[in-house]
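Ready to get to know a new protein? Take a look at it below, then work through the exercises one step at a time.

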Amino acid sequence: MTDRAELRRVLGAFTTGVTVVTTGWPRPHGMTANAFTSVSLDPPLILVCVAHTARLHRTIHEAGAFAVSVLSADQEPVARYFADSARPDGSAQFDQVEWSPGPHTAAPMLAHAAAGLECKLDNVFDSGDHSIVIGEVLHAERDTRLAATGALTFFDGGFRRFIL
């Protein structure tokens with residue numbers, strides 16, 4: 001398969017959840033990502049895929065930890081903000097959103113997210129133009145209002161709301 005546009009169109013038929021992956025010290029950064037999934041319950045592991053060219057790629061390695069905020073249906077503006085490369089760099093990018101430091105690593109965890117996970121870096125596998133980043137879950141929380149607000153999803157090149 002060599003036609004990237006066709007491959008993107010085909011892969012767009014798969015609906016995914018939308019997350020923001022963040023790192024804290026020494027260089028806070030956040031990035032919208034939909035390549036996220038659970039890996040294992042014992043030990044508790046999750047994965048995110050990060051492009052080699054993404055600023056987050058470097059900051060995850062430097063911090064050795066990261067957080068994942070699973071966005072609720074009403075957080076499309078947050079997803080768009082962290083997908084915009086014109087936003088401020090470093091800690092200033094978090095001035096526009098509500099967040100709190102994760103209890104174990106201080107990685108930013110976004111307020112009003114459907115769920116949040118704080119992880120220490122477990123392993124990284126390079127594959128193609130991305131790295132598969134495995135995190136060991138140190139802390140997990142879920143917002144009970146998800147049943148009322150639903151989840152933010154990505155399908156066919158656009159954000160969608162999944163309302164229960």
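Two strands pair if DSSP finds at least two bridges between them. Helices (H or I, at least four residues) and strands (E, at least two) are DSSP runs, numbered from the N terminus. This is a predicted model, where local features need pLDDT of at least 70, side-chain atom pairs count only at pLDDT 80 or more, and totals for chains, interfaces and linings use all residues. Residues are numbered from 1 along each chain as its sequence is written, and side-chain values use heavy atoms, with hydrogens and water left out.

**Exercise 1.** Work out the strand order in the open sheet of 3 strands, and find its edges.

*Solution.* Step one: the order is 1-11-12, with antiparallel pairing. Step two: strand 1 (16–17) and strand 12 (158–162) are the edges, as each has a partner on one side only. Step three: zoom in on strand 11 (residues 151–155), which is joined to strand 12 by 5 bridges. Here Phe154 sits opposite Phe159 of strand 12.

**Exercise 2.** Trace the aromatic cluster that contains Tyr81.

*Solution.* Start with the rule: rings of Phe, Tyr and Trp (its six-membered ring) pair if their centres lie within 6.5 Å; planes under 30 degrees apart count as stacked, over 60 as edge-to-face and the rest as tilted. The structure has 4 aromatic pairs. One of them is Tyr81 with Phe82, edge-to-face at 5.1 Å centre to centre and 85 degrees between the planes. Next, Phe82 pairs with Phe94 in a tilted way, at 5.6 Å and 45 degrees. That second pair links distant parts of the chain: Phe82 is in helix 3 (residues 76–83), while Phe94, 12 residues away, is in the loop between helix 3 and strand 7 (99–101). Put together, Tyr81, Phe82, Phe94 and Trp99 make one cluster.

**Exercise 3.** Decide whether Tyr81, Phe82 and Phe94 are buried or exposed.

*Solution.* Buried means under 20% relative accessible area, exposed over 50%, partly exposed in between (1.4 Å probe, protein chains only). Tyr81 comes in at 18%, so this residue counts as buried. Phe82 has 1%, so it is buried too. Phe94, at 3%, is buried as well.

**Exercise 4.** Judge how compact the protein is for its 164 residues.

*Solution.* First, count the parts: 4 helices and 12 strands. The radius of gyration (over C-alpha atoms) is 15 Å, close to the 15 Å of the globule rule (2.2 Å times the number of residues to the power 0.38). So the protein is as compact as a globular protein of that length.
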